[in-house]
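Biologist: I am new to this structure and would like to learn how to read it. Could we go through it feature by feature?

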Amino acid sequence: MISTGIRRLDTLIGGLRLGDNVVWQISSGVPIEHFTRHALGTESGRAGNIVYINFNYSPHTVCRRFDEVFHRHNITMIDAFTHGKGNGDSVFLDFYSSQSEYDISRVVRVENPRDIQEFIAVMNAVEKSNTSGSFYVFDSLTG
């Protein structure tokens, strides 16, 4: 069994099993960070690699929001925001400058996230580099 990171929720649903796909459906404006932080964090008891696929927020915002989690775990972020909803704006591209306060070596930017073939190629490359397996957390399925 794998924990969601939230004990009461695990008791309610009986935990998770390898291969489970979990989708949280939330109303617009409802913060999902509580669930995401626990799913990414040590509370889940998860070992190995975690891949966080980001469609909704600038990578700087994600790193700041989950700073303690990114420092404690082997997490790779796939940035589908900067050239997606962020439209390649220089404000978001500044994250990748040499002055960035974050370890950008663990962030993979998708140049054209609207191109499904490119997105899949990025996902496959990340998966290939994580030979011991990975857990995937998508911040949005509609992003």
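Biologist: Is Arg-65 buried, partly exposed or exposed?

Modeller: Keep in mind that this is a predicted model. Buried means under 20% relative accessible area, exposed means over 50%, and partly exposed lies in between. Arg-65 has a relative accessible area of 26%, so Arg-65 is partly exposed.

Biologist: Which residue forms a salt bridge with Arg-65?

Modeller: The partner is Glu-33, and the closest N and O atoms of the pair are 3.0 Å apart. This salt bridge links distant parts of the chain, since Glu-33 is in helix α2 and Arg-65 is in helix α3 (residues 59-65), 32 residues apart. Glu-33 has a relative accessible area of 16% and is therefore buried.

Biologist: How many salt bridges are there by this rule?

Modeller: The count is three. In one of them, the side chains of Arg-37 and Glu-68 meet at 2.9 Å, N to O. Arg-37 belongs to helix α2 and Glu-68 to helix α4 (residues 67-72), so this pair ties together parts that are 31 residues apart in sequence. Arg-37, at 27%, is partly exposed, and so is Glu-68, at 34%. Arg-109 and Glu-111 also form a salt bridge, with their closest N and O atoms 3.3 Å apart. Arg-109 is partly exposed at 28%, as is Glu-111 at 44%.

Biologist: Now the sheet. What is the order of its strands?

Modeller: The sheet is open and has four strands in the order β3-β2-β1-β4, with parallel pairing. β3 (107-109) and β4 stand at the edges with a single partner strand each, so one side of each has no neighbour in the sheet. From one strand to the next, the twist averages 20°.

Biologist: How many bridges join β1 to β4?

Modeller: Five bridges join β1 to β4 (residues 134-138), and the two run parallel. Asn-49 has Ser-134 as its bridge partner in β4, while Ile-53 stands opposite Phe-138. β1 also pairs with β2 in the parallel sense, over five bridges. There, Asn-54 stands opposite Asp-79.

Biologist: Why is β1 described as largely enclosed?

Modeller: Start with the general idea. In a regular strand, side chains alternate between the two faces of the sheet. In this structure, Asn-49, Val-51 and Ile-53 are on one side of β1 and Ile-50, Tyr-52 and Asn-54 on the other, and all are buried. Six of the six residues of β1 (residues 49-54) are buried, so the strand is largely enclosed by the rest of the structure.

Biologist: What does Thr-76 touch?

Modeller: Thr-76 is in strand β2 (residues 75-79) and is buried, with a relative accessible area of 15%. Not counting residues up to four places away in sequence, Thr-76 touches Ile-50, Val-51, Tyr-52, Arg-106, Val-108 and Val-126.

Biologist: Which strands does α6 lie across?

Modeller: α6 lies across β1, β2, β3 and β4, and runs at about 170° to β2. Met-123 is in this helix (residues 116-129) and is buried at 14%. Leaving aside neighbours within four places in sequence, Met-123 is in contact with Ile-53, Ile-78, Tyr-136 and Phe-138.

Biologist: Finally, which residues form the nonpolar patch on the surface?

Modeller: Val-22, Trp-24, Ile-26, Val-30 and Phe-35 form the patch, with about 410 Å² of accessible area together. Val-22 lies in the loop between α1 (7-13) and α2 (33-40) and, at 42%, counts as partly exposed.

Conventions
Residues are numbered from 1 along each chain as its sequence is written. This is a predicted model: local features need pLDDT of at least 70, side-chain atom pairs count only at pLDDT 80 or more; totals for chains, interfaces and linings use all residues. Side-chain values use heavy atoms; hydrogens and water are left out. Patches are made of residues with over 30% relative accessible area and no salt bridge: like charges are joined within 9 Å, nonpolar side chains (Val, Leu, Ile, Met, Phe, Trp, Tyr) within 5 Å. Accessible areas come from the Shrake-Rupley method with a 1.4 Å probe; for residues, only the protein chains shown count as cover. A salt bridge is a side-chain nitrogen of Lys or Arg within 4 Å of a carboxyl oxygen of Asp or Glu. Buried means under 20% relative accessible area, exposed over 50%, partly exposed in between (1.4 Å probe, protein chains only). Contact means heavy atoms within 4.5 Å. Two strands pair if DSSP finds at least two bridges between them. Axes are lines fitted to C-alpha atoms, for helices over the stretch in contact, and angles run from 0 to 180 degrees between N-to-C directions.
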